[in-house]
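This report asks how the interior of a protein chain is put together and how two of its helices relate to that interior. Please keep the sequence and the model in view while reading.

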Amino acid sequence: MDDVRQILKDNEGHCIEDLAVGMTASFAKTVTEADIVLFAGISGDTNPVHLNQEYASGTMFQGRIAHGMLSAGFISAVLGTKLPGPGCIYMSQNLKFKAPVRAGDTVTARATVTELIPEKRRVVVRTVCTVGETVVIEGEALLMVPSRGQ
């Protein structure tokens, strides 16, 4: 369950004044075959490790895996819709891909505020994606957020 205490109004996210270190929110999605195929088409990444079972079975993954950036996109969902929410601007993100995601896996993306830089309207967020207890992606994001004073 999310720790974000304030209910967001339509199209309004948290302002820098609303945020505190430790606030957290999450988004979960079960990855489907359709998601993988559609992501390949949208992104242009048609690497056969994502689309061809025969090819993928000969790789270290021993089968097809979802695109890492598909799972990383769930981080964007948390940041853009929950914490800080609508109005925030993604400035940077680093990612470490730790384990594969497969069709049928439910990925939970979690964002936790780790640092506030109020004078610049910036927030640093720890980002983690898991499948069950397994960390599949970890990283850190820097965001610009609105201020009530501007």
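The text below takes up the nonpolar core, then the helices α4 and α1, and then a loop residue.

The model is predicted. Its largest nonpolar core holds 29 residues, and those with the most contacts inside this core are Val31, Leu79, Val101, Val107, Val123 and Cys129. Two or more residues of this core are given by each of α4 (68-81), β3 (106-117), β4 (122-131) and β5 (134-144), and the largest share, six residues, comes from α4. In soluble globular proteins, nonpolar side chains tend to be buried together. Valine 123 illustrates the surroundings of one core residue: leaving aside its neighbours within four places in sequence, valine 123 is in contact with Leu19, Pro84, Val113, Glu115, Leu116, Ala141, Leu142, Leu143 and Val145.

The helix α4 comprises 14 residues and reaches 21 Å from its first C-alpha to its last, which is close to the 20 Å expected at 1.5 Å a residue. Its buried residues are Leu70, Ser71, Ala72, Phe74, Ile75, Ala77, Val78 and Leu79, and what covers them includes strands β1 (24-30), β2 (89-97), β3, β4 and β5 as well as the helix α1 (33-43).

In α1, the buried residues are Asp35, Ile36 and Ala40. Seen down the axis of α1, these residues fall within an arc of 135 degrees, so they line one face of the helix. That buried set packs against β1, α2 and α4, whereas the face turned away from the buried side carries the exposed residues Leu38, Gly41 and Ile42. Glycine 44 follows α1 and has a positive phi, near 85 degrees.

The two helices can be set side by side.

| Helix | Buried residues |
|---|---|
| α4 (68-81) | Leu70, Ser71, Ala72, Phe74, Ile75, Ala77, Val78, Leu79 |
| α1 (33-43) | Asp35, Ile36, Ala40 |

Threonine 46 lies in the loop between α1 and α2 (48-51). Is this residue buried or exposed? Threonine 46 has a relative accessible area of 52%, and because the cut-off for exposed is over 50%, threonine 46 counts as exposed. Not counting residues up to four places away in sequence, threonine 46 touches Ala40 and Leu51, and Ala40 is itself one of the buried residues of α1. Threonine 46 and isoleucine 137 are 91 residues apart in sequence, and their C-alpha atoms are 21 Å apart in space.

Methods:
Residues are numbered from 1 along each chain as its sequence is written. This is a predicted model: local features need pLDDT of at least 70, side-chain atom pairs count only at pLDDT 80 or more; totals for chains, interfaces and linings use all residues. Side-chain values use heavy atoms; hydrogens and water are left out. A nonpolar core is a set of buried Ala, Val, Leu, Ile, Met, Phe, Trp, Tyr and Cys residues joined through side-chain atoms within 4.5 Å. Buried means under 20% relative accessible area, exposed over 50%, partly exposed in between (1.4 Å probe, protein chains only). Helices (H or I, at least four residues) and strands (E, at least two) are DSSP runs, numbered from the N terminus. Contact means heavy atoms within 4.5 Å. The expected span of a helix is 1.5 Å times one less than its number of residues. The arc is that of the directions from the helix axis to the C-beta atoms.
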